[in-house]
Amino acid sequence: MTKTAPPPLSMVQVLACAGLIVTLSMGIRHGFGLWLQPITMERGWTRETFAFALAIQNLAWGVATPFAGMLADRFGAFRVLVACAVLYGLGLAGMAVATTGLAFTTSAGIVLGLAQSGTTYAVVYGVIGRNVPADRRSWAMGVAAAAGSFGQFLMVPVENALISQLGWQGALFALGVVALAIVPLAIGLKEAPFAKPTAAQQSIGGAIREAFGYPSFVLLMAGYFVCGFQVVFIGVHMPSYLKDHGLTANVATTALALIGLFNVIGTYAAGSLGQVFPKRYILSAIYLLRSVVIVIFLNVPLSPMSVYVFAATMGVLWLSTVPPTNAMVAQIFGVRHLSMLGGFVFFSHQIGSFLGVWLGGRLYDATGSYDVVWWIAVGLGVFAALVNLPVRETAIERPLAQPA
């Protein structure tokens with residue numbers, strides 16, 4: 001019996017399912033900082049033990065993302081999403097029962113990192129790129145990124161409430177069940193079977209060589225490294241930073257939620273502006289403004305109000321780098337290998353994430369303060385603002401034109 005190919009995906013269907021998937025996958029992970037103190041206190045671990053596991057998570061996420069992207073570009077996103085959703089549930093359950101640093105790093109680090117590689121932006125952006133017209137692509141990516149930001153706003157208070165009601169272990173088991181909701185949502189991103197590649201089409205190896213031989217691709221990776229360092233350091237360590245300065249857990253929870261809420265505005269705006277203005281200028285402005293906001297935050301008296309203002313302002317800039325960065329990759333190289341190439345850019349982001357979260361714990365244990373890492377984040381923001389300026393956004397010239 002001949003199999004019937006799925007009907008073409010509508011833009012509304014793609015954005016709805018992609019948005020809900022990213023809401024869950026990013027929303028869950030953005031609350032991990034809430035577990036730092038309860039887990040380290042009960043297990044008797046240092047903050048570096050917890051931070052190292054999440055650093056490995058970010059690194060595993062980054063290493064696996066290009067491969068998840070290759071599979072999604074070749075066989076479709078559906079299979080990748082389903083497999084990684086199951087891994088997400090297993091990783092959260094393993095995080096709850098781990099009693100040693102090694103077991104915790106394996107579950108919270110490696111398993112969850114692999115899970116996130118196939119349930120976040122790189123894979124869903126490939127589907128968006130293939131199903132949304134080029135003239136609306138940046139906007140559509142902004143919508144999906146805004147959904148991830150809404151996930152942070154929605155899920156962080158939920159996770160805090162789950163910890164209060166069920167304890168930190170019960171909360172992780174509950175989130176493991178929630179993560180499995182990605183499986184039915186993935187059906188909405190199931191594309192028609194891909195045609196087998198022909199000799200005239202660019203190979204995976206050829207796409208990789210082309211990208212890494214193109215200076216603008218390397219500059220985008222350098223900027224995204226900074227993005228990872230800044231946001232993951234703040235997301236994981238800010239709750240403990242605030243508690244160390246006498247502020248309550250509710251202040252930290254509200255701050256993380258505000259970051260998510262205001263980034264809904266920021267990511268949508270960045271995606272929309274990317275349809276009108278050069279994306280390299282948008283990225284440069286975002287990175288520079290992040291450094292300015294951090295400097296002001298470190299130099300005003302710390303209070304709940306100053307934290308909320310910082311969170312709201314930083315929230316506008318939080319994941320607003322995602323739509324213009326990925327839209328530029330599609331604009332330069334086309335959409336045939338978008339998930340894979342976006343995965344390589346994201347790998348650079350995750351190297352920065354690894355260093356941000358790990359150095360936060362390492363330098364805190366060494367100095368009793370997060371001050372050094374805050375100022376590293378400031379310097380890196382200026383660096384990223386500069387390296388994005390010379391990026392060329394025009395489509396790369398090839399002997400045989402490929403669809404953009």
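The expected span of a helix is taken as 1.5 Å times one less than its number of residues. In the present model, which is predicted, helix H13 comprises 14 residues, from 304 to 317, and extends 20 Å from its first C-alpha to its last, close to the 20 Å expected at 1.5 Å a residue. Within H13, the buried positions are Ser306, Val307, Phe310, Ala311, Ala312, Met314, Gly315 and Leu317, and these buried residues pack against H10, H11 (249–273), H12 (279–299) and H16 (371–387). Proline 304, which also belongs to H13, has a relative accessible area of 36% and is therefore classed as partly exposed, since that class lies between the 20% limit for buried residues and the 50% limit for exposed ones. When neighbours within four places in sequence are left aside, proline 304 is in contact with Leu247 and Val251; its C-alpha atom is separated by 22 Å from that of phenylalanine 150, a residue 154 positions away along the chain.

The packing of H13 against H11 can be described in terms of the two helix axes, which lie 6 Å apart at an angle of about 30 degrees. Because angles under 35 degrees count as roughly parallel, H11 and H13 are placed in that class, and their crossing is right-handed. On the H11 side the contact is made by Val251, Thr254, Ala255, Leu258, Ile259, Phe262, Asn263 and Gly266, and on the H13 side by Pro304, Val307, Tyr308, Ala311, Ala312, Gly315, Val316 and Leu317. Threonine 253 is likewise found in H11 and, with a relative accessible area of 7%, is buried; not counting residues up to four places away in sequence, threonine 253 touches Leu34, Val156, Pro157 and Asn160.

The largest nonpolar core of the model contains 132 residues, and those with the most contacts inside this core are Trp35 and Ile128. Helix H10, spanning residues 215–244, gives the most to the core, with 15 residues. For isoleucine 128, the contacts that remain once neighbours within four places in sequence are left aside are with Val14, Leu15, Ala18, Ala140, Met141 and Ala144. As a general background to such an arrangement, nonpolar side chains in soluble globular proteins tend to be buried together.

Two consecutive residues of H10 illustrate the surroundings of this helix. Histidine 237 lies in H10 and, at 1% relative accessibility, counts as buried; beyond its neighbours within four places in sequence, histidine 237 is in contact with Leu36, Ala51, Val232, Gly356, Val357, Gly360, Gly361 and Tyr370. Methionine 238, also in H10, is buried as well, given its relative accessibility of 1%, and its contacts outside the four-place window are with Phe233, Ala255, Leu256, Ile259 and Phe310. Among these partners, Phe310 is one of the buried residues of H13, while Ala255 and Ile259 are among the H11 residues that make the contact with H13. Methionine 238 and phenylalanine 50, although 188 residues apart in sequence, are 14 Å apart in space from C-alpha to C-alpha.

H10 also packs against H12 and H14. The axes of H10 and H12 come within 11 Å and cross at roughly 30 degrees, so that these two helices are roughly parallel to each other, and H10 passes H12 in a left-handed crossing. In this pairing, Leu220, Gly223, Tyr224, Val226, Cys227, Gln230, Val231, Ile234 and Tyr241 of H10 meet Leu283, Tyr287, Arg290, Ser291, Ile294, Phe297 and Leu298 of H12. With H14, which covers residues 322–333, H10 packs at an angle of about 165 degrees, the axes being 11 Å apart; because angles over 145 degrees count as roughly antiparallel, H10 and H14 fall into that class. The crossing of H10 and H14 is left-handed, and the contact involves Phe217, Leu220 and Tyr224 of H10 together with Val322, Thr325, Asn326, Met328, Val329 and Phe333 of H14. Leu220 and Tyr224 of H10 thus appear both in the contact with H12 and in the contact with H14.

Note on methods
Residues are numbered from 1 along each chain as its sequence is written. This is a predicted model: local features need pLDDT of at least 70, side-chain atom pairs count only at pLDDT 80 or more; totals for chains, interfaces and linings use all residues. Side-chain values use heavy atoms; hydrogens and water are left out. A nonpolar core is a set of buried Ala, Val, Leu, Ile, Met, Phe, Trp, Tyr and Cys residues joined through side-chain atoms within 4.5 Å. Buried means under 20% relative accessible area, exposed over 50%, partly exposed in between (1.4 Å probe, protein chains only). Helices (H or I, at least four residues) and strands (E, at least two) are DSSP runs, numbered from the N terminus. Contact means heavy atoms within 4.5 Å. Axes are lines fitted to C-alpha atoms, for helices over the stretch in contact, and angles run from 0 to 180 degrees between N-to-C directions. Angles under 35 degrees count as roughly parallel, over 145 as roughly antiparallel, 65 to 115 as roughly perpendicular and the rest as oblique. A crossing is left-handed if the near helix is turned anticlockwise from the far one by less than a right angle, and right-handed if clockwise.
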